Amino acid sequence: MRVNYGAWVIGSVPEKKGHHWHAWVEVERSPWEDEDIGQIFHFTDIGYYDIEAAAYERGIQWARAWLDDNF
């Protein structure tokens, strides 16, 4: 699922690994007026969770905190 966060789009897609859900996200920004390309970041080591919803939420929270700290 994708969530807009300012100029960024956060894609959180938990992946089932064994009995747990692995949280990972893609953070993407479209090009600004003076750029040819935007930016994309992939983060795959966010943790493992018992249910898919928890992995999804953690991915979104983690990406928002990362964006707040870095942009």
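**Sheet and helix in a predicted model**

Colleague: Which residue in the turn of the β1 and β2 hairpin has a positive phi?

Modeller: In this predicted model, β1 and β2 form a hairpin, with two residues between them. One residue in that turn has a positive phi, of about 65°. That residue is G6.

Colleague: Which residue of β2 does V3 stand opposite?

Modeller: The strands β1 and β2 run antiparallel and are joined by four bridges. Across this pairing, V3 faces a residue of β2. The residue is I10.

Colleague: Which residue in β5 stands opposite I10?

Modeller: Strand β2, residues 8-12, runs antiparallel to β5, residues 25-29, and five bridges join them. I10 stands opposite V3, and in β5 I10 stands opposite V27.

Colleague: Which strands stand at the edges of the sheet, and why is one side of each left without a neighbour?

Modeller: The sheet is open and has four strands in the order β1-β2-β5-β6, paired antiparallel. Two of these strands have a single partner strand each, so one side of each has no neighbour in the sheet. They are β1 (2-5) and β6 (39-43).

Colleague: By how many degrees are neighbouring strands of this sheet turned against each other on average?

Modeller: The value is an average over neighbouring strands and ignores direction. It is 20°.

Colleague: At what angle to β2 does helix α1 run, and how many residues of β2 are buried?

Modeller: Helix α1, residues 52-70, lies across β1, β2, β5 and β6. The angle between α1 and β2 is about 150°. Strand β2 is mostly covered, where buried means under 20% relative accessible area. Of its five residues, the number buried is four.

How values were computed
Residues are numbered from 1 along each chain as its sequence is written. This is a predicted model: local features need pLDDT of at least 70, side-chain atom pairs count only at pLDDT 80 or more; totals for chains, interfaces and linings use all residues. Side-chain values use heavy atoms; hydrogens and water are left out. Two strands pair if DSSP finds at least two bridges between them. Axes are lines fitted to C-alpha atoms, for helices over the stretch in contact, and angles run from 0 to 180 degrees between N-to-C directions. Contact means heavy atoms within 4.5 Å. Buried means under 20% relative accessible area, exposed over 50%, partly exposed in between (1.4 Å probe, protein chains only).
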